[in-house]
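The exercises below are meant to be worked through with the sequence and the coordinates open side by side. Each task is followed by a solution that proceeds step by step.

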Amino acid sequence: MSGPASAFPLSGAAELPVSRRFGPQIAAVASRLAVRRPQQVHGAGPDGQVAVLLFDETTVTDVVPTFERMAAVTVPEDVLLSRPPRVLGARQGRGGSQAYPQSISCYVPDYTPPGRPTAHRALIDAARAAGTQWRPSADSHEAATELWNAVRASFTPLTGERLPALGRLERSAATPGGRVRILLRELLVHGAEFDEAGWGMITEQLTVQMKLLADRPLKAVGLEFTPAAEAAAAAGGVPRSSAAVPTVRAVPGTIQSAKGETHAATLILECLEKSGKKFDVTEALRMVAEGSDPLRELKSVQAAVQLVFVGATRPTHLLVLAAHRDRGKRYAEVMIDAGWDVRDLTEQ
């Protein structure tokens with residue numbers, strides 16, 4: 001499915017350093033969406049895939065589950081589990097306009113925008129207090145339990161009452177439970193040294209893992225953690241089961257909140273741009289297909305496509321864009337010629 005990096009050539013583009021996050025296919029898309037100034041993005045990372053999902057009002061809620069299945073069969077399991085798939089949109093909730101779709105909530109009806117991740121004073125104090133009890137050579141179960149209970153209490157408004165006791169957390173680093181254990185140890189050992197930026201970073205990491213932990217079974221979905229699997233996970237890999245391919249739940253959020261992140265797979269949902277007159281993903285597809293000069297586009301279109309660019313440069317292995325079929329279908333042939341996977345959910 002990998003297409004040529006020159007599928008959408010640029011003229012007069014400024015050269016940039018090579019990106020090792022993604023390969024040529026995603027880099028070619030990023031090059032076409034760089035609206036602030038023309039840029040030729042070079043990809044030297046993993047061979048990635050690009051896809052478009054076309055939907056209508058009756059299939060809009062199929063977009064995210066389809067993306068999750070695509071990620072499960074496209075991305076290596078260990079990569080997918082260590083960097084869960086993300087679903088990104090420019091808007092969180094619907095406004096007063098009748099235009100459709102407007103926001104993440106159109107695709108995920110039960111989506112609840114999370115509060116801004118912040119380190120609560122009680123959590124900071126608990127981490128520092130637990131850290132004073134922790135000793136590398138001693139039994140520090142009591143300190144870890146105290147800290148975990150404080151973390152659970154801090155995240156209850158976001159996750160509800162669905163978080164297990166410390167003893168029930170998985171130990172494999174390939175699961176959310178295992179990654180939470182790693183973060184807890186980081187807090188115990190270094191929490192007293194964190195500045196505001198350090199607390200912000202670890203709280204964001206906890207937010208993602210705690211949400212995953214609350215939304216899915218304690219065991220990694222579709223995987224049986226036998227001693228052999230545990231050993232493989234500890235060595236940095238998770239063996240692929242011969243059973244059904246496991247689906248990892250995607251974490252929804254805004255494009256703006258994903259700046260600086262790296263995902264195994266990213267889905268960008270078409271949303272209404274700020275002026276309320278155009279749709280961001282449709283405009284991005286048009287610019288890619290037509291090879292238009294970004295600097296000649298309307299300022300509102302440039303702003304919308306710039307956000308799509310931010311989202312499109314997050315994934316390492318799979319980039320998927322969702323667009324309403326009434327607007328996106330006209331660009332399908334060009335996308336297919338470029339090596340993209342175009343799927344019309346209304347025909348499945």
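**Exercise 1. Overall architecture**

Describe the secondary structure content, the degree of burial and the range of the contacts in the protein chain of this predicted model.

Solution. Begin with the secondary structure, which in the protein chain comes to 13 helices and eight strands. Next consider burial: of the 348 residues, 51% count as buried. Finally, take the contacts between residues at least 6 apart in sequence, among which 73% join residues at least 24 apart.

**Exercise 2. The packing of α1 and α11**

Determine how helix α1 and helix α11 are arranged relative to each other, and which residues meet where they pack.

Solution. The first step is the geometry: α1, residues 24-33, and α11, residues 299-312, pack at an angle of about 160°, with their axes 9 Å apart. Since angles over 145 degrees count as roughly antiparallel, the two helices are therefore roughly antiparallel to each other. The handedness of the crossing is left-handed.

The second step is to list the participants, which are Ile 26, Ala 30 and Leu 33 on the side of α1, and Val 305, Val 308, Phe 309 and Ala 312 on the side of α11. Sorted by character, the residues of this contact are seven nonpolar, with no polar and no charged residue among them.

**Exercise 3. The surroundings of α1 and α10**

Establish how far α1 and α10 are covered, and name the elements against which the buried residues of α1 pack.

Solution. For α1, nine of the 10 residues are buried, so this helix is largely enclosed by the rest of the structure. The buried set includes Gln 25, Ser 31 and Arg 32 as well as Ala 27, Ala 28 and Val 29. The elements packed against the buried residues of α1 are the strands β2 (39-40), β3 (49-55) and β7 (315-324), together with the helices α10 (280-290) and α11.

Turning to α10 itself, this helix is mostly covered, with nine of its 11 residues buried; among them are Asp 280, Glu 283 and Arg 286, along with Leu 285 and Met 287. After α10 comes Gly 291, whose phi is positive, near 65°.

**Exercise 4. An aromatic pair and a cis peptide bond**

Which residues form the aromatic pair, and how are their rings oriented? Locate also the cis peptide bond and the loop that holds its proline.

Solution. The structure holds one aromatic pair. Phe 55 and Tyr 107 form this pair, with 5.3 Å from centre to centre and 70° between the planes, an edge-to-face arrangement. The pair links distant parts of the chain, for Phe 55 belongs to strand β3 and Tyr 107 to helix α4 (residues 104-107), 52 residues apart. Both Phe 55 and Tyr 107 are buried.

For the second part, the cis peptide bond joins Tyr 100 and Pro 101, with omega at about -5°. Pro 101 is found in the loop between β4 (86-89) and α4. As background, most residues other than glycine have a negative phi, and most peptide bonds are trans.

**Exercise 5. The environment of Gln 209**

Is Gln 209 buried or exposed, and which residues does it contact beyond its neighbours within four places in sequence?

Solution. Gln 209 lies in helix α8, residues 196-215. Its relative accessibility is 8%, and because buried means under 20%, Gln 209 counts as buried. Leaving aside neighbours within four places in sequence, Gln 209 is in contact with Pro 176, Arg 179, Val 180 and Leu 183. Lastly, Gln 209 and Pro 84 are 125 residues apart in sequence, and their C-alpha atoms are 9.1 Å apart in space.

Notes
Residues are numbered from 1 along each chain as its sequence is written. This is a predicted model: local features need pLDDT of at least 70, side-chain atom pairs count only at pLDDT 80 or more; totals for chains, interfaces and linings use all residues. Side-chain values use heavy atoms; hydrogens and water are left out. Axes are lines fitted to C-alpha atoms, for helices over the stretch in contact, and angles run from 0 to 180 degrees between N-to-C directions. Helices (H or I, at least four residues) and strands (E, at least two) are DSSP runs, numbered from the N terminus. Angles under 35 degrees count as roughly parallel, over 145 as roughly antiparallel, 65 to 115 as roughly perpendicular and the rest as oblique. A crossing is left-handed if the near helix is turned anticlockwise from the far one by less than a right angle, and right-handed if clockwise. Contact means heavy atoms within 4.5 Å. Ala, Val, Leu, Ile, Met, Phe, Trp, Tyr, Cys and Pro count as nonpolar, Asp, Glu, Lys and Arg as charged, and the others, Gly among them, as polar. Buried means under 20% relative accessible area, exposed over 50%, partly exposed in between (1.4 Å probe, protein chains only). Rings of Phe, Tyr and Trp (its six-membered ring) pair if their centres lie within 6.5 Å; planes under 30 degrees apart count as stacked, over 60 as edge-to-face and the rest as tilted.
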